[in-house]
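Thanks for making the time this morning. I would like to walk you through one structure, and please stop me wherever something needs a second look.

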Amino acid sequence: MKFIVSSAALLKQLNSLKGLVPSNPVIPILENFLFEISDGLLRVTASDLQNAMTLETAVETDEKANVAVPARMLLDTLRNLPEQPITFTIDTESHGIEILSDNGRYTLAGEDAGDFPRPAEPKNTTNLMFSSDVISSAISYALFAVSSDEMKPAMNGIFVNLSDGKTNFVATDSHRLVRYRYEGTEGNSNSSIIIPGKAFEQLKNALPSSPQEIQLEFNDTNVFFNFGNIKMVSRLIDERFPDYENVIPTSNDKNLNIDRQQLLSSLKRISIYANKTSQQIRFKLENNNLLISAEDVDFSNEAKENLPCDYDGDSLEIGFNGKFLMEMLSNLNCDTVHFEFSEPNRAALMYPHEANEEDVLMLVMPVMLNNYY
């Protein structure tokens, strides 16, 4: 059978899927894209067994065929072709694939589509609708705080908690925590799931640039996303998420408001002089002044900067991992950031200071101060 498709359009679709093609797959067939052609549509699926995504694109054909196509070879070919219509010819018996361009012919050895694992189908699911802007914000705020420690599987994803029309998206790696709250969820479903960070990473690359409704369904084992010409399924993390609400301190009598960009820029400079292992930076707060400092005693490196701020509370000295702070500040969308502190050995809270901002809260654990003053 034959079909014709734009090389650029196909490459764009495949680029959205390539993150799910494993380099060392459990089964070799996963090194392929699954092509399913029927009714003038090409459906392409990529899977790593835990996550799968399918995209549809229009093609010129009235025929039907299924084949597994070597993913990396096809991607490399398309990247090096100028924009043009290309013709695929598929031998349904041998699974051979021929690609014809304006001045070239390329032959690939495909595989039997029947060997490609089929994504799970939604059954007995809870159904929700979100704007793509909400999902995009949740990913932007929370994804960086997902743990990569395989010994802590519950923290390898984003905890999604539905309660009384509110949805909390929470991520933590035990050193920092992010909670993004959306209060427009329809329905009264009270339930919780943990969606793998890789699923959100993949979704991030596929979200539309303009607002669009996203259908989110889930059951006991899987979560399903459906929007536009994209369908995605991911296996949920079957673990108990930490009781994050008990970690968030409530008695915070020290408050700091400071320009986010000024603080971030200062941290970038000061962290150059911090110990490369601990990444420790030090805050000293008093009289509407923030003294930021770092030292690496092994190499006699030291840096200090004073920043004006609005501080209400007793004098405070507290240490943080500078890398963590910079990542958190970089992922906030505000001009002024608000900090709340209690004691040097207790977590600090930070969130946008401006009114009408999205409901996002970040928590960072302190590090023990080195007594070098």
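I will take the salt bridges, then the cysteines, then the pocket, and finish with two loops.

Before anything else, please keep in mind that what you see is a predicted model, so every value I quote is computed from its atoms.

Let me begin with charge pairing. Side chains of opposite charge can pair when their charged atoms come close. In this model there are twelve salt bridges, and I will discuss some of them. Asp173 pairs with Arg176, with 2.9 Å between the closest N and O atoms, and neither partner lies open to solvent in the computed areas, since Asp173 is buried at 10% relative accessibility and Arg176 is buried at 7%. This pair also belongs to a wider arrangement, in that Asp173, Arg176 and Glu327 are linked in a network of salt bridges.

A second example is Asp253 with Lys254, where the closest N and O atoms are 3.2 Å apart. Here the two partners fall into separate classes: Asp253 is partly exposed, with a relative accessible area of 49%, whereas Lys254, at 6%, counts as buried.

The third example is the salt bridge between the side chains of Glu317 and Arg282, at 2.4 Å from N to O. Because Glu317 sits in strand 22, residues 316–321, and Arg282 in strand 18, residues 280–286, this pair ties together parts that are 35 residues apart in sequence. Glu317 is partly exposed, with a relative accessible area of 31%, while Arg282 is buried at 9%.

Now to the cysteines. How many disulfides does the structure hold? The count is zero, and the case of Cys309 shows the reasoning: its sulfur is 15 Å from the closest cysteine sulfur, which belongs to Cys334, and that is too far for a bond, given that a disulfide here requires two cysteine sulfur atoms within 2.5 Å. Seen from the other side, Cys334 is likewise in no disulfide, with the sulfur of Cys309 as its nearest cysteine sulfur. As for their surroundings, Cys309 counts as buried at 13% relative accessibility, and Cys334 is buried with a relative accessible area of 6%.

Next comes the largest pocket, which holds about 440 Å³ of space. Its lining is made up of 23 residues, and those nearest its centre are Thr54, Pro119, Ala120, Glu121 and Lys231. If you want to trace the lining on the ribbon, look at strand 2 (32–38), strand 3, strand 4, strand 15 (222–227) and strand 16 (230–235), each of which supplies at least two of the lining residues.

That leaves the two loops. In the loop between strand 3 (41–47) and strand 4 (51–58) you will find Leu49, which is partly exposed at a relative accessible area of 37%. Together with Val26 and Ile27, Leu49 forms a nonpolar patch on the surface, and the three residues share about 260 Å² of accessible area.

The other loop runs between strand 12 (176–182) and strand 13 (191–196), and Thr185 is located there. Is Thr185 buried or exposed? Thr185 is buried, with a relative accessible area of 11%. To give a sense of distance, the C-alpha atoms of Thr185 and Glu36 are separated by 35 Å, the two residues being 149 residues apart along the chain.

I am happy to take questions now.

Notes. Residues numbered from 1 in each chain as written. Predicted model: local features only at pLDDT ≥ 70, side-chain atom pairs only at ≥ 80, totals over all residues. Heavy atoms only, no water. Patch = residues over 30% accessible without salt bridge, like charges linked within 9 Å, V, L, I, M, F, W, Y side chains within 5 Å. Areas by Shrake-Rupley, 256 points an atom, 1.4 Å probe, with all protein chains shown as cover. Salt bridge = Lys/Arg side-chain N within 4 Å of Asp/Glu carboxyl O. Helix = DSSP H or I, 4+ residues; strand = E, 2+ residues; numbered from the N terminus. Buried < 20%, exposed > 50% of the residue type's maximum accessible area, 1.4 Å probe, protein only. 1 Å grid on protein atoms, 1.4 Å probe; cavity = no way out; pocket = protein on both sides within 12 Å on 5 of 7 lines; lining within 4 Å. Points joined across faces, edges and corners; volume = space filled by probe spheres on them.
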